[in-house]
Amino acid sequence: MDKDDLLTALDAVGNDLDRYEEEERYYRYCHTNTHYCDSIRNPNELSFWYPKAVESGFRTPETKIIFMPPDLFGDLLIDCEGNQPELEKRIKDFIIANWDVTPGELDINSKLFFRLGGSSGKFSFQDNCIVNGPDTFANAIRNTVYENLCLDKPYSCTFVFREFIETEDERPEIYRGLKLNTEFRIFYDFHRKQFLDGFNYWGDHDRMLMGMPEKQQKEYENAYPMLEGEYQRLLPALRNECEEKLSRVNLHGRWSVDFMWTGTEFVLIDMAEMAKSYFAERVRIPGEE
Ligand SMILES: Nc1ncnc2c1ncn2[C@@H]1O[C@H](COP(=O)(O)OP(=O)(O)OP(=O)(O)O)[C@@H](O)[C@H]1O
Ligand SMILES: [Mg+2]
């Protein structure tokens, strides 16, 4: 039934309140469906790039991707704020039902890293990104959807649960529980199979310090020389590994590729099209400087 048919049918009923509610429901439905379709087609969704990134041979966190049904996607967007016991139960039951237990796969009850396909809720890391079994899923999911809405991030239609990557060195934490590991944002041209540029993931002081509580600012500023030193020390090795391994990945165009250093190896954790990535405007394209 399209909108005109719906309104004609409602006119026949002649009840203003019903009509208003039905119109509202119709618009909500269309709105949600548009976002859902956009999200499914978004190449920056982890479900698109992750299976390709695995082909590089870089270590990546073992990953479980669960697609939301459209009704849950819509209800989460509308009701992510506030206390919603019914929605929370639906989320938890849905994930349990869709977690096929194959031996050797991620254990649903273990400590895992949670994010949406488009991005994480890292600014409240402990609450949003760390889950410890199904009872903790709904809270992390609602908070992450809400954080992404507040930050105007693209809508996402997948739940992503990942092996939690532990790193060897003691480090201070920012964003309520996020360990300041050595991380890299690399830019790579998959069409030309060319390494473009690399950045210290924590390297933009002004952006990092914006809105950060004073105590964390101090921790970050104290840790920065060490983070930058390790970044500079390891970048040539990562560059060599990227030149060898990223050439195996079946993607097109220019992308950012994020890595964590565990103390012994690089782990490929995130990707996005270059145009959608922070630092993109500072990338020096070889031969175009
Ligand atoms: N599997 C993991 N185990 C432990 N920590 C992780 C894992 N994946 C990511 N992290 C940490 O969480 C941060 C955010 O993760 P991720 O890059 O997936 O989300 P994002 O919101 O897309 O980030 P960005 O905005 O930088 O693209 C990472 O920079 C890293 O510090
Ligand atoms: Mg990202």
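Colleague: What share of the protein chain do buried residues make up?

Modeller: They make up 26% of the 289 residues. This is a predicted model, in which local features need pLDDT of at least 70, side-chain atom pairs count only at pLDDT 80 or more, and totals for chains, interfaces and linings use all residues. Residues are numbered from 1 along each chain as its sequence is written, while chains are lettered from A and ligands numbered from 1 in the order in which they are written.

Colleague: Why is Phe48 called partly exposed?

Modeller: Phe48 has 17 other C-beta atoms within 10 Å. A residue is buried with 20 or more such atoms, exposed with 12 or fewer, and partly exposed in between, the C-beta atoms being placed from the backbone. The count of 17 therefore makes Phe48 partly exposed.

Colleague: Where does Phe48 sit?

Modeller: Phe48 belongs to helix α3 (residues 46-53). From Phe48 to Gly117 the C-alpha distance is 9.0 Å, with their positions 69 residues apart in sequence.

Colleague: How many helices and strands does the protein chain have?

Modeller: It has nine helices and 10 strands. Both are DSSP runs numbered from the N terminus: H or I over at least four residues for a helix, E over at least two for a strand.

Colleague: How do you know that β1 and β4 pair?

Modeller: Pairing needs at least two bridges found by DSSP. Five bridges join β1 to β4, so they count as paired. They run antiparallel. Within this pairing, Phe67 has Thr158 in β4 as its bridge partner. Helix α7 (residues 137-150) packs on the sheet and touches β2, β3 and β4, and its direction makes about 35° with that of β2. Touching rests on contacts (C-beta atoms, placed from the backbone, within 7 Å).

Colleague: What is the order of strands in the open sheet that holds β1?

Modeller: The order is β1-β4-β2-β3, with antiparallel pairing. β1 (63-67) and β3 (130-132) each have a single partner strand, so they stand at the edges. Neighbouring strands here are turned by 30° against each other on average, direction ignored. Axes are lines fitted to C-alpha atoms, for helices over the stretch in contact, and angles run from 0 to 180 degrees between N-to-C directions.

Colleague: What makes β8 and β10 edge strands?

Modeller: Their open sheet has the order β8-β7-β9-β10, again antiparallel. β8 and β10 have a single partner strand each, so one side of each lacks a neighbour in the sheet. On average, neighbouring strands of this sheet are turned by 25°, direction ignored. β7 (residues 183-189) meets β8 (residues 194-200) through six bridges, and β9 through seven. Tyr188 stands opposite Phe195 in β8, and Phe187 has Ser256 in β9 as bridge partner. Helix α9 (residues 214-245) lies across β7, β8, β9 and β10, at about 165° to β8.

Colleague: Why is ligand 1 said to lie between domain 1 and domain 2?

Modeller: Domain 1 (62-163) and domain 2 (173-282) both give residues to its shell, so ligand 1 lies between them. The domain bounds come from an automatic or database domain assignment.

Colleague: Which residues come nearest to ligand 1?

Modeller: Of 18 around it, Phe113, Ser119, Ser120, Ile165 and Asp270 come nearest. Being near takes a C-beta atom, placed from the backbone, within 6 Å. Strands β2 (111-116), β4 (158-163), β9 (254-261) and β10 (266-273) each supply at least two residues of the shell.

Notes:
Contact = placed C-beta atoms within 7 Å.
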